[in-house]
Amino acid sequence: MKGLIFSHLLTFVEKEYDKETQQKMLENAGRLSADGTYAEGESYPYEEIFQLAGNLSTITNVSMAKTFEHFGEYLFIQLARAFSQFFSPDETLFGFLQKLEDHIHIEVRKKYPDANLPGFEFEPIDENNLKMIYKSERAMSDFGIGMIKGAAIWFNRKVFVGKKDISKDLDGTRVELHVRLLW
Ligand code: HEM
């Protein structure tokens with residue numbers, strides 16, 4: 001996983017909680033590959049994001065799922081600001097989500113050829129409902145839900161996201177996300 005994501009996690013914890021929580025989260029992780037300073041374009045084992053988010057969840061008493069979701073929501077806004085050229089003004093939330101694979105994540109791959117990105121399948125239901133199938137061996141769908149909620153904020157909408165693990169071993173590697181527009 002790219003250092004960019006780790007450094008955003010550290011900033012997120014400092015902003016949402018405080019420096020002390022950030023420090024504790026790092027200390028409890030023991031030896032990290034980067035000793036707590038991550039270079040944007042470098043890759044680090046993705047398990048470390050689970051370790052850090054797990055520590056944060058223990059320290060704050062917020063579930064791991066909610067911790068990932070909360071971070072994903074925050075991260076989307078940061079990435080959207082940093083990569084504003086990927087957004088066009090006349091786009092809708094559902095239009096944007098459905099272009100995720102063919103557009104945004106392809107651009108991400110151009111910038112970071114070794115990026116580990118999830119796959120998505122889309123099943124539009126009607127104008128207020130979109131089904132997205134998340135596929136990734138990293139099993140980070142809660143983070144994806146946060147990104148979807150961040151995107152909704154970006155487009156001035158509010159969504160409810162239902163989640164159902166449809167992977168064979170119920171290990172979160174294939175998850176159905178039902179995105180419902182509330183307004
Ligand atoms: C609602 C929109 C989005 C969703 C649902 C989404 C979902 C995800 C998920 C779940 C991951 C974790 C990896 C995995 O599960 O295998 C990921 C990684 C990533 N995404 Fe997206 N994403 C979205 C939008 C964006 C945007 C707008 C950008 C940047 C412009 C972006 C850049 C990245 C990057 C840099 C990574 C990390 C790749 C790595 O570290 O190897 N994503 N995305």
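Q: How do the residues of the shell around the ligand divide into nonpolar, polar and charged?
A: Keep in mind that this is a predicted model. Around the ligand sit 25 residues, with Lys 2, Ser 136, Met 140, Gly 144 and Met 147 the closest. Sorted by type, the shell comes out as 19 nonpolar, four polar and two charged.

Q: Which helix gives the largest share of the shell around the ligand?
A: Four helices each put in at least two residues: α1 (3-16), α4 (64-82), α6 (100-111) and α7 (141-154). With five residues, the largest share comes from α7.

Q: Which element gives the most to the largest nonpolar core?
A: That core has 32 residues, and those with the most contacts inside it are Leu 9, Phe 71, Leu 97, Ile 148 and Ala 151. Two or more residues each come from α1, α3 (47-60), α4, α5 (93-98), β2 (129-135), α7 and β4 (174-181). The top contributor, with six residues, is α7.

Q: Why does this core lie between domain 1 and domain 2?
A: The domain assignment splits out domain 1 (3-62) and domain 2 (89-181). The core lies between them because residues come from both domain 1 and domain 2.

Q: How many Å separate the centres of domain 1 and domain 2?
A: Take domain 1 as 3-62 and domain 2 as 89-181. Going by C-alpha atoms, their centres are separated by 23 Å.

Q: Which residues does Ile 148 touch, leaving out those up to four places away in sequence?
A: Ile 148 is among the residues with the most contacts inside the largest nonpolar core. Once residues up to four places away in sequence are set aside, Ile 148 touches Leu 97, Val 159, Val 161 and Val 179.

Methods: Residues are numbered from 1 along each chain as its sequence is written. This is a predicted model: local features need pLDDT of at least 70, side-chain atom pairs count only at pLDDT 80 or more; totals for chains, interfaces and linings use all residues. A residue is near a molecule or strand if its C-beta atom, placed from the backbone, lies within 6 Å of it. Ala, Val, Leu, Ile, Met, Phe, Trp, Tyr, Cys and Pro count as nonpolar, Asp, Glu, Lys and Arg as charged, and the others, Gly among them, as polar. A nonpolar core is a set of buried Ala, Val, Leu, Ile, Met, Phe, Trp, Tyr and Cys residues joined through C-beta atoms within 7 Å. A residue is buried if 20 or more other C-beta atoms lie within 10 Å of its own, exposed if 12 or fewer, and partly exposed in between; C-beta atoms are placed from the backbone. Domain bounds come from an automatic or database domain assignment. Two residues are in contact if their C-beta atoms, placed from the backbone, lie within 7 Å.
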